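Me: I am new to reading protein models. Can we go through one together, feature by feature?

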Amino acid sequence: MTIDEVVRVARSGESASIAGAALGRMKISRGKVEEALQGETAVYALNTGVGLLANVRLEADGIEQMQLNLVRSHCCGVGEPLAEDVVRAMMLIRANILAMGLSGIRPVVAERLCDLLNCGITPVVPMRGSVGASGDLAPLAHMALVLIGEGEAFFAGERRPAAECLQGAGLQPLKLQAKEGISLLNGTQAMLAIGCLQLRDLDELFQSAQIAAALTLQALRGTAAAYDERLHAARPHPGQVHSAASLRDLLEGSTRHRSSTSVQDAYCLRCVPQVHGAVWDSLRQAERVFAIELNSATDNPLLFEDDFVSGGNFHGAPLALVLDQLAIALCQLAGISERRTERLMNPSLNEGLPAFLATRPGIESGLMMAQVTSAALVAEMRVLATPASACSIPTSGNQEDFVSMGMTSALKLMQSVTHCRMVLAIEWLTATRALDLRGDRSVSLLLDAARDAFRVDCPAWEGDRVLSGIMAAADAFLAKIHWASTLNTQEVAHA
């Protein structure tokens, strides 16, 4: 399964089903579980308790009740519900993990997750309560709760009891059997779902940052010499080369970026390929990790032929480190954008533009406070960039004594993406206004197309205005999925 498939199911409602070969694998592994139930060997979470209670051997008549109890007792999430697209992604990824045939569950369990997706039933999953230890236990428990007809779900535009949702879709609640409760709970699917969706948003945001930088360079009459292909071939980090090539494409045909006042520009213009490129490299590293995790068995124990092997594939460390890295990378993307915005407004630095891009400086404040907002968001992003993965807190009677905190990393990343988008939206507003004030009707083919598309949602204005609404419109423009495709140019959309 690919990240793009996750996004399509989560956000576009594409249907999902279990392949025939996968159903066959699950039937075989389920047979092995049934055999183990007849034996005397202790198998973790099959005929024993879990966590620190793993040494408690279960009687045969308590095995199914323990699986039900697991789901109920682990529903300890708090806070607002995760967005529906996140939960849909979580369900799809979990179904894919179960379909590998290493968990020993009945095929109907994975099929029922697909049924929920296809019927538009989305469990209500509180966003907080996971430390990424045995994976995302609490979020996955709230997801599993709906399978058994308990808890709540969103269905037909309403938040309703799960039993009503299942009935409305013609589905029966599952009665969990041996191994099935634990197999629904162990795994990294909540943090991974957030990671996959945010990564696709970040790909769009990266290109928005590239365009913003090019527009600002034009408005400040900077030089594009620093984007010379030869320069970046001499230091060929993939992201740096990619960013510089994209900037050259965006600026092709322009004659407005030749500075007559300086040999070289400030870092926020000159070093865009180096800074943006490092961010792009972080995105690609995350993509590699997420692609592996999407198709990895994260249950415990796993069944290999006749052996049940207990381990720690559910541990979220590989994801937590990458999610933290993305939040750090976003500080770079937003921080350099805020510096470009400030440079556009500062009359000492903006190459003859009006102070704060006001039509009548003094009587009007122009975009002065928009830059203050940008600075405030960047400051908060620096707090959010503090790595959660460095902050393990032991749980479960010290059995789970080193945890990943990966879900915290994921939740912080979501906030950082939102803040970064607004910082970039403010730069778009600032750069396009600066070009208007200079009277630049045309800049380059691609930047003109970007600017025209932006102006449909964010028309030019004169005089002081309440900026919150204008900033929100700019933010909404950047948040459009694949908005760059409206420009009809592969170069602008290729990020």
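Me: Let me start with one residue. Is F454 buried or exposed?

Reply: Keep in mind that this is a predicted model. To decide, look at relative accessibility; buried means under 20%. F454 has 0%, so it counts as buried.

Me: And W428, buried or exposed?

Reply: W428 is also at 0% relative accessibility, and therefore buried.

Me: How many aromatic pairs does a search of the whole structure find?

Reply: The search finds three. Take W428 and F454: their ring centres are 5.2 Å apart and their planes meet at 50°, so this pair is tilted. W428 belongs to helix α16 (residues 406-438), while F454 belongs to helix α17 (residues 445-457), so the pair ties together parts 26 residues apart in sequence.

Me: Which residues do ring pairs link into a cluster?

Reply: The cluster is made of W428, F454 and F477.

Me: What sits over the ring of W461?

Reply: Rings can have charged neighbours too. The charged end of R433 sits over the ring of W461, 4.9 Å from its centre. There is another case at W280. Here the charged end of R284 is over the ring, at 5.1 Å from the centre.

Me: Now step back. How many helices and strands are there in the protein?

Reply: Count 19 helices and seven strands. The C-alpha trace spans about 85 × 50 × 40 Å along its principal axes. Of the 495 residues, 56% are buried.

Me: Which share of contacts joins residues at least 24 apart?

Reply: Start with contacts between residues at least 6 apart in sequence. Of these, 81% join residues at least 24 apart.

Me: Where can I see that on one residue?

Reply: Try A10, in helix α1 (residues 3-12). Its C-alpha atom is 7.8 Å from that of V87, and the two residues are 77 residues apart along the chain. Leave out residues up to four places away in sequence, and A10 touches D85, R88, A89 and L197. The relative accessible area of A10 is 6%, so A10 is buried.

Me: Which domains does the domain assignment give?

Reply: The assignment gives domain 1 (3-186) and domain 2 (200-493). Their centres, taken over C-alpha atoms, are separated by 36 Å.

Me: How do I read the interface between them?

Reply: Interface size is often given as the accessible area lost when the parts come together. Here domain 1 and domain 2 bury about 3000 Å² between them. Carbon and sulfur atoms account for 62% of that. In domain 1, the residues that lose the most area to domain 2 are I3, L102 and V131, together 21% of what that side buries. You can also count residues: 35 of domain 1 are in contact with 38 of domain 2.

Me: Let us try a loop residue. Where does T188 lie?

Reply: T188 is in the loop between α8 (180-185) and α9 (189-219). A loop residue can still be checked for accessibility. T188 is at 0%, so it counts as buried.

Me: What does T188 touch?

Reply: Skip residues up to four places away in sequence. Then T188 touches G135, D136, E293, T298, F314, H315, G316 and L319. With E293 there is a polar contact between the side chains, at 2.6 Å.

Me: What about the backbone? Which peptide bond is cis, with omega near -5°?

Reply: Look at the bond from N300 to P301. P301 is in the loop between α13 (272-294) and β6 (302-304).

Me: What is phi of A156 near?

Reply: Phi is another backbone angle to check. For A156 it is near 55°, a positive value in a residue other than glycine. A156 is in the loop between β4 (152-155) and β5 (158-161). At 63% relative accessibility, A156 is exposed.

Me: And what is phi of F356 near?

Reply: F356 has phi near 60°, again positive in a residue other than glycine. F356 is found in the loop between α14 (317-345) and α15 (368-384). Its relative accessibility is 29%, so F356 counts as partly exposed.

Notes:
Residues numbered from 1 in each chain as written. Predicted model: local features only at pLDDT ≥ 70, side-chain atom pairs only at ≥ 80, totals over all residues. Heavy atoms only, no water. Helix = DSSP H or I, 4+ residues; strand = E, 2+ residues; numbered from the N terminus. Buried < 20%, exposed > 50% of the residue type's maximum accessible area, 1.4 Å probe, protein only. Polar contact = N/O pair within 3.5 Å; in protein donor to acceptor, adjacent residues only side chain to side chain. Contact = heavy atoms within 4.5 Å. Phe/Tyr/Trp six-rings, centres within 6.5 Å; stacked < 30°, edge-to-face > 60°. Lys NZ or Arg CZ within 6 Å of the ring centre and 35° of its normal. Domains from an automatic or database assignment. Buried area = accessible area lost by both parts, 1.4 Å probe.
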